[in-house]
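User: I would like to go through this model with you. Could we take confidence, cores and salt bridges in turn?

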Amino acid sequence: TLTLATTAGVVGIAVAAAIFGTGLISARAAMNAPEGTAEATPVAVTILSVESGYEVPRRFIGQVAAAQETARSFELSGKLAEVVFDEGDTVEEGAVIARLDTQILETDLSRQEAAREALRAQIALAEATLTRQEELNKRGFAANQAFDQARFSKAELSARIDEATANIEATRIRIEKSVLKAPFAGRVSARAADTGAIRSPGAAVLTLIEDAAPMVRVGLPVALGAGDLGDVSVSLTGREVSASL
């Protein structure tokens, strides 16, 4: 009996507390009720349409590279007489960028040309002798051996003149190759030697890079096909530039 009385009392208290709380909440809600009706909020309306696909812009990091880069060197060995440009200098196409000392070559060229002139004088004499021997041979006053000797002497001198001319041309080519020129317009990125240095064939003197039409090398994921890239643009130091793939 005591247990039932106690349980009934607790239930009664709970019901009374619930009724009192509900009344209190309703009273507070009535106090905070909004006055009037809120204005309607405008919204944008879009008609849905089915699309076959959409583009997603993606960005990749790359590196600017010169279209051409070459380490200029001489084909011949020698002492550098002059290196015209330094690192960072702008070079026009065909400009002389370095020279080798050609004093020995020029002296040798003068000697070869003098030797050829001496041979030309000898062949002039040989031609005159051959003419006389031919006339005497026709008259029967000269032996065939003398005539043949004059004819072969002229032929030998003519061959020696051709040899001297070839040697002179070879020396001139060596002098021309002692001047190093820029194959294209660009900028000197490195200077490997100074005036007075002895350079062997193929040893770099200057490294030249082309400024015009640079390339941007970008590594792409293998799964991304080159044909699916669409429009391509490049951002260089915050400036957007057009590019062709």
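Analyst: The discussion below concerns a predicted model.

User: What pLDDT does the protein average?

Analyst: The protein averages a pLDDT of 82, and 85% of the residues score at least 70.

User: And where is confidence lowest, and where highest?

Analyst: Confidence is lowest in helix H1, residues 2–31, with a mean of 75. The highest value belongs to S5, at 92.

User: On to the interior. How many residues has the largest nonpolar core, and which have the most contacts inside it?

Analyst: The largest nonpolar core has 17 residues. Those with the most contacts inside it are Phe74, Leu80, Phe85, Val91, Ile97, Val205 and Leu206.

User: Which elements give two or more residues to this core?

Analyst: They are strand S3 (78–83), strand S5 (96–100) and strand S9 (204–209).

User: What does Ile97 touch?

Analyst: Leaving aside residues up to four places away in sequence, Ile97 touches Arg72, Val83, Val84, Phe85, Val91, Leu180, Lys181, Ala182 and Leu206. Another core, of six residues, lies apart from the largest one and includes Leu119, Ala126, Leu157 and Ile161.

User: Now the charges. How many salt bridges does the structure hold?

Analyst: The structure holds seven salt bridges. In one of them, the side chains of Glu75 and Lys177 meet at 3.2 Å, N to O.

User: Which parts of the chain does that pair link?

Analyst: The pair joins distant parts, 102 residues apart. Glu75 is in the loop between strand S2 (69–73) and S3, while Lys177 is in the loop between helix H3 (144–176) and strand S6 (179–181).

User: Why does Glu75 count as exposed, and Lys177 as partly exposed?

Analyst: Glu75 counts as exposed because its relative accessibility is 54%, over the 50% cut-off. Lys177 has 34% and therefore counts as partly exposed.

User: Which residues pair within helix H2?

Analyst: Asp108 and Arg111 form a salt bridge at 2.4 Å, N to O. Both lie in helix H2 (residues 103–139), three residues apart, about one turn of the helix. Glu117 forms a salt bridge with Arg120, where the closest N and O atoms are 3.0 Å apart. These two residues also lie in helix H2, with a spacing of three residues.

User: Is Arg111 buried or exposed?

Analyst: Arg111 is exposed, with a relative accessible area of 51%. Its partner Asp108, at 24% relative accessibility, counts as partly exposed.

User: Last topic: what is the phi of Thr237, and where does the residue lie?

Analyst: Thr237 has a positive phi of about 50° although it is not a glycine. Thr237 lies in the loop between strand S11 (233–236) and strand S12 (239–242), and it counts as exposed because its relative accessibility is 83%.

Methods
Residues are numbered from 1 along each chain as its sequence is written. This is a predicted model: local features need pLDDT of at least 70, side-chain atom pairs count only at pLDDT 80 or more; totals for chains, interfaces and linings use all residues. Side-chain values use heavy atoms; hydrogens and water are left out. Helices (H or I, at least four residues) and strands (E, at least two) are DSSP runs, numbered from the N terminus. Buried means under 20% relative accessible area, exposed over 50%, partly exposed in between (1.4 Å probe, protein chains only). A nonpolar core is a set of buried Ala, Val, Leu, Ile, Met, Phe, Trp, Tyr and Cys residues joined through side-chain atoms within 4.5 Å. Contact means heavy atoms within 4.5 Å. pLDDT is the predictor's confidence in each residue, from 0 to 100. A salt bridge is a side-chain nitrogen of Lys or Arg within 4 Å of a carboxyl oxygen of Asp or Glu.
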